[in-house]
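Q: Could you take me on a close look at one part of this structure, the open sheet of chain B and the helices around it, and then step back to how the two chains meet?

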There are 2 protein chains.
Amino acid sequence: MNHAEEDFIRVTDGEIGLVAPKDFRSSKEFTFESGQTIPEFSLRYEAYGDLNSKRDNAILVAHALTGDHHCAGVHSLHDRKPGWWNSMIGPGKPIDTNRFFVICANCIGGCQGSTGPMSIDPNTGKPYNLTFPFVAIRDMVRSQKILLDTLEISELYAVIGGSMGGMQVMQWAIEYPDFVKRIIPMATTWRQNAQAIAFDEVGRQAIMQDPKWLQGNYAEGEGPDVGLAIARMMAHITYLSDRGMERKFGRRRPTGKGNRYSFDIQFEVESYLRYQGESFINRFDANTYLYFTRALGYFDLAHSYGSLDKAFQNLKCKALSVGFTSDWLFPPEQNREIVLAMLRQGVRASYTQLDLDLGHDSFLVESDELFNLVRDFLAS
Amino acid sequence: MNHAEEDFIRVTDGEIGLVAPKDFRSSKEFTFESGQTIPEFSLRYEAYGDLNSKRDNAILVAHALTGDHHCAGVHSLHDRKPGWWNSMIGPGKPIDTNRFFVICANCIGGCQGSTGPMSIDPNTGKPYNLTFPFVAIRDMVRSQKILLDTLEISELYAVIGGSMGGMQVMQWAIEYPDFVKRIIPMATTWRQNAQAIAFDEVGRQAIMQDPKWLQGNYAEGEGPDVGLAIARMMAHITYLSDRGMERKFGRRRPTGKGNRYSFDIQFEVESYLRYQGESFINRFDANTYLYFTRALGYFDLAHSYGSLDKAFQNLKCKALSVGFTSDWLFPPEQNREIVLAMLRQGVRASYTQLDLDLGHDSFLVESDELFNLVRDFLAS
């Protein structure tokens, strides 16, 4: 560590500061829910705080569709973008790294360092692309369990996540009832409704009908950027809310854009969306987008276990479910239904609905209400 | 008319039956709100019922973004697809062609027979494409007025339309207060909010970033079909509602689609959306889609007239505004605001909100509640 880095850490006292991702490699064959296998896999992950001697103070954070393992701290002086949940995780923060060992892994099938469609298939020496097995939420959970077992973690103090992360949270509690003590699923659903399935299908079609997609066999850096950006722009609208967008953008025009009659950017919200699309293609892989949206669509706890109640019948954890009034992608009602089913099964579960105006993305927002909820639940 | 056609008309007694579109040509220069001009223009329109001797029983129907002049009757034995508002318009129907002369024109800038980007520019002998002037809602109205003047219509008994049609309806009343006696704007807005602008921008980007768009200079039949279909699929979701889609599709799987693990169609809603996209590219022009969505975005009665109240201060018509509870594209509140502003200006206006579950498209649905509303208002 050089002087500049030391200085940086000093000024960010109270923050996690510099972190380095780690790579976990499993040389054992992994069988997906679909029955398909891969001979080995790796997961890129980050961990903050220290594991105690009983190895029972671990909190697993599960990321959303386009999230990754980098959920807190910064990677370097030159890449000071904090992790996506940096406001939630850190010393003295709601997920307190002075007390907990916090771990987050890029999901299997992902594109941020874990094994996924971009990875080389050892059997062919070529990228998997669409020969990669279909990924289910359960596969994300089961592969992470192998990582935790290797770290000799004895139990999970809590699992927490929003959206696709919330699906993993529930799946963790179902799959490993003795291992998981507390869960906090947020802004999630036990199964997508038709509208959410429909939006994901449009995103996939935008990618798959892009002539550069090539049935998934594009070279790195030559992918279906147009389709992926369109998918992202559209999806991004579904992550916000009418009210929040109106407050943030309204009908404001960008300064210096004088020509009222043009197909160029005319409203600030257009500029914002284009930026979202353009920055996304630099950090995300189109095939992973296809796989993960399919994982979202296939996820259906009622179908997998006979009913939502049956899905939860063996749970041993406590649960806090958080829905957001302005979330129209995975509406609050769907989050409430999770808790109602758990309560019918005798699970100690509670539901809280927060009226933040950022829509589905509200779980990512800096909110004292949300922070206090999480802090209090983890203290219980 | 041959025997088969006569038979067809007989069996469809109570319906308008066969209709033929007409073409109106204006050889005078037309100046758009933008200041741009075209040397001549034509409007394709349909009319049903008879104009009375006072020429004061005309009802103008204004179509939505992807609608056209064909709003009632059928075109031929071989094309029996009824007009888009055939349930509303006809002998004895809410817009009663036994009593009214009903007329609907494809908007200027359109692609269904009226002058638009696909039309040949007389000055160059080539299609206008993107040299076509920017189209405002006011241009649609003013060009239709020229048609009505030619038909020597003395006043409009009513103007009625939903969505973009509803914008035209309000613009009619503002622009020609002495000419317009009654208006029924439905499922519309006096200005789009950021979310609606955002969805339209994604649609335009899908088209404009399609490599076949060629800055709008694609040849007929070789246009940006992929982008246009994506735009349509996405927009179609915004025309429906979560509740309506859940009722209509839910998570149902198409029969015979056995492979659970596939990027092909896995849910009925996906099949429906793809069909919507594919059928749209056969009937709609991508450049018109760009122009009309810009017309929607630019429309802002408060900005154009200083305030919404000022926009309505010279109105002489009666007004009935209809909003739909499940419409989240142009939410009921925006329809209610229209009436509140009119009432403040002394306009005899009323607002009704209907709880149909088809979302924005509810105005197109066969609903006795809606039919009775329109019938009663037109009788007043």
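A: Happy to. Let's begin with a term: a residue is buried if 20 or more other C-beta atoms lie within 10 Å of its own, exposed if 12 or fewer, and partly exposed in between, with C-beta atoms placed from the backbone. This is a predicted model, in which local features need pLDDT of at least 70 and side-chain atom pairs count only at pLDDT 80 or more, while totals for chains, interfaces and linings use all residues. Residues are numbered from 1 along each chain as its sequence is written, and chains are lettered from A and ligands numbered from 1 in the order in which they are written.

By that burial rule, H3(B) is mostly covered, with eleven of its twelve residues buried. Among them are B:Met164, B:Met167, B:Val169 and B:Trp172. Helices (H or I, at least four residues) and strands (E, at least two) are DSSP runs, numbered from the N terminus. Helix H3 of chain B covers residues 164–175 and reaches 16 Å from its first C-alpha to its last, close to the 16 Å expected at 1.5 Å a residue (1.5 Å times one less than its number of residues).

Now to the sheet. In chain B, eight strands make an open sheet of mixed pairing, in the order S1-S4-S8-S5-S11-S12-S13-S14; two strands pair if DSSP finds at least two bridges between them. Its edge strands, each pairing on one side only, are S1 (22–26) and S14 (349–354) of chain B. From one strand to the next, the twist averages 20 degrees. At the S14 edge, strand S13 (residues 318–324) of chain B pairs with S14(B) in the parallel sense over six bridges, and B:Leu320 stands opposite B:Ser350 in S14(B). Helix H11 (residues 332–344) of chain B packs on this sheet, touching S12, S13 and S14 of chain B, and its direction makes about 160 degrees with that of S13(B). Such angles run from 0 to 180 degrees between N-to-C directions, with axes fitted to C-alpha atoms, for helices over the stretch in contact.

Stepping back, 39 residues of chain A are in contact with 39 residues of chain B, contact meaning that C-beta atoms, placed from the backbone, lie within 7 Å. On chain A's side, H4(A) gives the largest share, eleven residues. Because 100% of the interface residues of chain A are also interface residues in chain B, the copies meet through the same surface.

Technical notes. Contact = placed C-beta atoms within 7 Å.
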